[in-house]
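Open the model in your viewer and keep the selection panel at hand. The stops below go residue by residue and helix by helix.

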Amino acid sequence: MPTQKVSKRKEEYQSRINQALAVLNEVAQDNTTPRNIRRAAKDAADALQAAEHSLGVRASNAIAILDEISQDPNMPAYTRVKLWNVASVLEAIKD
């Protein structure tokens with residue numbers, strides 16, 4: 001695969017990660033959201049920034065954290081929608 005195509009895809013993936021991080025940080029700072037959900041959002045953001053893993057592994061780890069917390073009955077509906085959107089943005093990232 002040509003290097004230009006690879007770097008363009010990496011740029012797109014990094015853009016998706018930055019988009020996801022913005023929403024996760026927003027959720028993590030929202031005091032109307034229960035603490036455990038804010039903590040999970042922070043953990044997912046940390047997983048996305050783990051430099052020792054590839055972009056695909058980072059995205060998968062973050063999605064796993066979000067899937068686990070998304071079933072929480074205490075989660076406000078608007079927060080659940082935000083986290084589902086983050087998961088769908090990250091699902092496009094592959095190694």
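Select N61 first; N61 sits in helix α3. This is a predicted model. The relative accessibility of N61 is 33%, so N61 counts as partly exposed. Show the residues around N61: leaving out those up to four places away in sequence, N61 touches A47 and H53. Now add S15 to the selection. S15 is 46 residues from N61 in sequence, and their C-alpha atoms are 17 Å apart in space.

Stay in helix α3 and move to L66, which lies in that helix. Is L66 buried or exposed? With a relative accessibility of 2%, L66 counts as buried. Its contacts, not counting neighbours within four places in sequence, are L24, A44, L83, V86 and A87. Select A41 as well: A41 and L66 are 25 residues apart in sequence, with 7.3 Å between their C-alpha atoms.

**The pair α2 and α3**

Next, show α2 together with α3. Where the two helices meet, their axes come within 8 Å and cross at roughly 170°. An angle over 145 degrees counts as roughly antiparallel, and α2 and α3 are therefore roughly antiparallel to each other. To see the contact, select N36, I37, A40, D43, A44, A47 and L48 on the α2 side. On the α3 side, select R58, A59, N61, A62, I65, L66 and I69. Colour this contact by residue class: 10 residues are nonpolar, two are polar and two are charged. N61, the opening stop, is one of the α3 residues in this contact.

Hide α3 for a moment and look at α2 alone. Helix α2 covers residues 35–48, which is 14 residues. At 1.5 Å a residue α2 should span 20 Å, and its end C-alpha atoms are 20 Å apart, so the two values agree. Which residues of α2 are buried? They are I37, R38, A40, A41, A44, A45, A47 and L48. Bring the other helices back to see what covers these buried residues: the cover includes α1 (3–28), α3 (55–69) and α4 (77–90).

**The pair α3 and α4**

Now show α3 with α4. Their axes come within 10 Å and cross at roughly 155°. That angle makes α3 roughly antiparallel to α4. The crossing of α3 past α4 is left-handed. For the contact itself, select A59, A62, I63, L66 and I69 in α3, which meet L83, V86, A87 and L90 in α4. By class, the residues of this contact are nine nonpolar, no polar and no charged. L66 appears here too, among the α3 residues that meet α4, as well as in the contact of α2 with α3.

**Two residues in α4**

Select T79, which is placed in helix α4. T79 counts as buried because its relative accessibility is 1%. Setting aside residues up to four places away in sequence, T79 touches V27, T33 and I37. Of these, I37 is among the buried residues of α2, and V27 is among the buried residues of α1.

Then move along to W84, also in helix α4. The relative accessible area of W84 is 48%, so W84 is partly exposed. Add S70 to the view: W84 and S70 are 14 residues apart in sequence, and their C-alpha atoms are 7.8 Å apart.

**Helix α1 and the loop after it**

Select α1, a helix of 26 residues. From the first C-alpha of α1 to the last is 36 Å, close to the 38 Å expected at 1.5 Å a residue. Show the side chains of Y13, I17, A20, L21, L24 and V27, which are the buried residues of α1. What do these buried residues pack against? They pack against α2, α3 and α4. L24 has already come up as one of the contacts of L66.

The last stop is Q29, in the loop between α1 and α2. Q29 has a relative accessibility of 63%, so Q29 counts as exposed. Select N85 with Q29 to finish: the two are 56 residues apart in sequence and 18 Å apart in space, C-alpha to C-alpha.

Technical notes: Residues numbered from 1 in each chain as written. Predicted model: local features only at pLDDT ≥ 70, side-chain atom pairs only at ≥ 80, totals over all residues. Heavy atoms only, no water. Helix = DSSP H or I, 4+ residues; strand = E, 2+ residues; numbered from the N terminus. Expected span 1.5 Å × (residues − 1). Buried < 20%, exposed > 50% of the residue type's maximum accessible area, 1.4 Å probe, protein only. Contact = heavy atoms within 4.5 Å. Axes fitted to C-alpha atoms, helices over the stretch in contact; angles between N-to-C directions. Parallel < 35°, antiparallel > 145°, perpendicular 65-115°, else oblique. Left-handed = near helix turned anticlockwise from the far one by under 90°. Nonpolar A, V, L, I, M, F, W, Y, C, P; charged D, E, K, R; others polar.
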